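Reader: Hello! Please choose one small part of this structure, look at it closely with me, and then set it beside some other places in the chain.

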Amino acid sequence: MPVINILSPHVADMIAAGEVVERPASVIKELVENAFDAGAKNITVEIKGGGATYIRVTDDGCGMSPEDAGIAFLRHATSKLRDEEGLERISTMGFRGEALAAISAVSKIELNTRRKGDVEGTRVVLEAGDIKDMLPWGCPEGTTMTVRDIFYNTPARLKFLKSDRSEASACQLAALRCALGHPEASVRFIRDGNEEFFSPGDGRQDSCVYALLGRDAAANMLLCTGENDGIKLSGYVSSPSAGRGNRREQYFFCNGRFIKSALLQAALEQAYKNSLLTGRYPSCVLYLDIGFSRVDVNVHPAKTEVKFTDEKKVFDTVYYAVLSALSGEKRTAQVELSPSTRKLAEPKADFYRSMSAAEFRANSFSVTPPKPAPKVPARQDSSRPSTQLKSPAPVYQTRMDLPFRPVSAGSDPKPLEKPEVFPPAGSRIVEKPVQNVEKSPIPDHKIVGEALKTYIIVEQGESLILIDKHAAHERMIFDRLKSQDRQIMAQSLLSPVTVRPDGGDAELLEQNGELLTELGFEIEPFGQDDFIVRAVPADMDAGDVPAAIEEICEKLRRGKGPDPREARDEILHTVACKAAIKAGWDNDLKELERIVQAVLSGQVKYCPHGRPVSVTLTRKELDKQFKRIV
Ligand code: ADP
Ligand code: MG
């Protein structure tokens with residue numbers, strides 16, 4: 001018979017640490033949540049490398065007494081819960097008294113803390129959960145927790161950490177989620193001495209979203225509010241034209257806590273059912289405010305999953321609120337900065353770097369009534385650097401800062417040639433100018449016109465043919481690219497585009513460098529976080545590069561492992577889709593003629609995803625519909 005042992009508290013702590021501390025990002029989440037619970041208004045998170053060697057979280061919260069500082073690291077030491085009844089109404093982020101015990105068990109910690117009004121503070125130094133030093137200490141009011149060398153005493157776990165780049169971006173995401181969930185506190189994130197983001201802490205959801213997700217994301221958000229039997233929902237959802245290739249920009253918060261919820265995700269996506277293309281996902285920042293007794297947060301160690309007592313009501317609240325936001329009744333209130341701040345805010349973080357919280361507040365936001373979506377000519381918006389930019393090339397973060405392209409902007413003329421790139425001399429694959437299609441090899445047809453800026457209407461013999469112009473053009477490009485021998489022709493970009501993928505995507509780009517080169521991308525790491533794209537497949541537009549890279553990473557992630565040819569085809573789909581003319585654009589008749597030729601000749605039947613590119617209505621069918629014949 002095996003003998004049962006009671007584990008020592010130290011081993012028990014190390015096991016608990018595995019549940020709470022999965023990676024440096026989990027430490028950040030726990031420390032920032034403690035700062036919120038301490039009533040902090042200003043929180044600074046600093047990391048070095050990927051965070052495993054150094055994390056420091058500073059807050060201006062209530063601080064701890066010397067006695068509390070000594071016991072805070074013991075298991076089940078918490079000031080937030082006293083008894084069983086308390087579990088029913090948890091209003092703080094923490095309550096189990098587990099996090100500090102778990103973190104300290106696998107790292108080296110320095111805690112400096114001083115309560116408001118106390119003459120001096122306390123310093124506690126710990127290694128692997130043991131207090132090495134504890135003494136009175138002169139320090140500012142609030143708490144500073146420095147965590148070093150995470151997993152130094154558990155080498156097996158250390159081995160599982162990913163590259164510094166991946167870990168750092170997971171840390172950044174953890175801090176960003178905390179910051180988004182608490183617009184009332186200002187959170188600053190500093191990585192290797194550089195400020196990556198800063199939330200103003202003015203209590204407003206709109207300025208928080210603007211500061212953390214960027215101007216372009218904010219500009220495409222619709223205000224979303226709703227209430228149902230005491231369940232309140234507020235926040236923002238993306239307009240249907242700003243759908244994304246993945247769900248990474250879906251942020252749900254329940255009582256200030258970031259949560260992952262299949263229920264909320266389903267409610268959100270159900271509401272978009274008929275307004276988003278398949279394969280595109282909405283983004284959102286939604287805050288659910290629900291009585292503490294109606295939600296159980298005690299079902300997951302990191303508390304990122306919750307259980308609602310009344311799931312149906314929660315689903316309906318979200319579904320109907322999103323539906324009503326989309327119906328246009330509450331078209332946002334676009335967030336606008338005052339002119340002076342706007343100038344500073346141009347695309348990236350210089351603005352946040354150079355402003356203190358007080359300055360930010362001084363340049364306060366103003367809210368303007370809804371405006372119709374601006375008509376941005378597709379060529380100008382992102383492929384050329386804005387004149388206000390100081391850097392020569394625009395910097396987009398594929399994860400957080402991606403410009404959403406106005407798909408339904410109405411009149412986006414997009415000629416098939418690409419004037420802002422250099423097609424290499426003698427290129428085999430640059431499309432022939434459309435003027436060449438003068439003499440039609442298929443004489444027996446007439447383009448009647450175009451319906452809904454999407455379908456070309458063609459009369460041929462006794463039939464009427466409707467052609468989906470985007471699907472057909474996408475197929476033409478896809479077939480041409482596929483028929484090239486291994487190497488797809490690349491074109492150098494006049495101004496290289498810088499993208500900032502998150503850690504996971506960065507690794508994928510590095511690992512698949514060879515495949516990407518073969519497909520015409522010239523892309524390489526650039527500085528600490530960025531990648532520079534110097535060349536793209538000859539069909540692609542510079543403005544489409546950030547979105548394409550994001551989509552490609554998603555495909556590489558999904559297609560991990562299987563046949564590399566499949567990954568190649570998937571990426572060619574992306575290139576073809578980005579290069580093809582889009583529904584909603586105004587196109588020259590000659591451009592349409594080329595597509596019609598390809599379809600009528602039988603060369604193009606299905607889009608690369610297998611959808612038909614044309615629908616035929618015969619005279620007989622029409623006559624039947626009109627009861628001319630029976
Ligand atoms: P929990 O948050 O579940 O109570 P933790 O292990 O995270 O457990 O923290 C233990 C206790 O230490 C908290 O209940 C709180 O009293 C104290 N504490 C932790 N961090 C801070 C902080 N930043 N400011 C003030 N008190 C803190
Ligand atoms: Mg805690």
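Author: Happy to. A residue is called buried under 20% relative accessible area, exposed over 50% and partly exposed in between (1.4 Å probe, protein chains only). Glycine 203 has a relative accessibility of 42%, so it counts as partly exposed. This is a predicted model, in which local features need pLDDT of at least 70 and side-chain atom pairs count only at pLDDT 80 or more, while totals for chains, interfaces and linings use all residues. Residues are numbered from 1 along each chain as its sequence is written, chains are lettered from A and ligands numbered from 1 in the order in which they are written, and side-chain values use heavy atoms, leaving out hydrogens and water.

Back to our glycine. Strand 8 (194-198) and helix 7 (205-213) are joined by a loop, and glycine 203 lies in it; helices (H or I, at least four residues) and strands (E, at least two) are DSSP runs, numbered from the N terminus. Leaving aside residues up to four places away in sequence, glycine 203 touches Pro183 and Glu184, where a contact means heavy atoms within 4.5 Å. For glutamate 184, which is 19 residues from glycine 203 along the chain, the two C-alpha atoms are separated by 3.8 Å.

Now for a buried residue: arginine 191 sits in strand 7 (residues 186-191). Its relative accessibility is 5%, which means that arginine 191 counts as buried. Apart from residues up to four places away in sequence, arginine 191 touches Ile47, Arg165, Ala168, Glu196, Gln528 and Asp529. Another arginine, 257, belongs to strand 13 (residues 257-259), and arginine 257 counts as buried because its relative accessibility is 5%. The C-alpha atoms of arginine 257 and threonine 92 are 9.4 Å apart, with these positions 165 residues apart along the chain.

Two aspartates are worth a look for their backbone. Aspartate 149 is not a glycine, yet its phi is positive, at about 50 degrees. Its place is the loop between strand 6 (142-148) and helix 5 (155-159), and at 26% relative accessibility aspartate 149 counts as partly exposed. Aspartate 229 also has a positive phi, near 50 degrees; it is found in the loop between strand 10 (226-228) and strand 11 (231-238). With 44% relative accessibility, aspartate 229 counts as partly exposed.

Elsewhere, two helices meet. The axes of helix 15 (residues 469-483) and helix 20 (residues 589-600) come within 10 Å and cross at roughly 70 degrees, the axes being lines fitted to C-alpha atoms over the stretch in contact, with angles from 0 to 180 degrees between N-to-C directions. The two helices are therefore roughly perpendicular to each other, the word used for 65 to 115 degrees. Helix 15 brings Lys469, Ala472, His473 and Met476 to the contact, and helix 20 brings Leu592, Arg594, Ile595, Ala598 and Val599.

Finally, the whole chain. It has 21 helices and 27 strands, and 52% of its 630 residues are buried. Of the contacts between residues at least 6 apart in sequence, 72% join residues at least 24 apart. The average pLDDT, the predictor's confidence in each residue from 0 to 100, is 78, and 76% of the residues score at least 70. Over residues 329-439 the pLDDT is below 50, although this stretch has 241 contacts in the model beyond near neighbours in sequence. Where pLDDT is low, the predicted coordinates should not be read in detail.

Note on methods. Angles under 35 degrees count as roughly parallel, over 145 as roughly antiparallel, 65 to 115 as roughly perpendicular and the rest as oblique.
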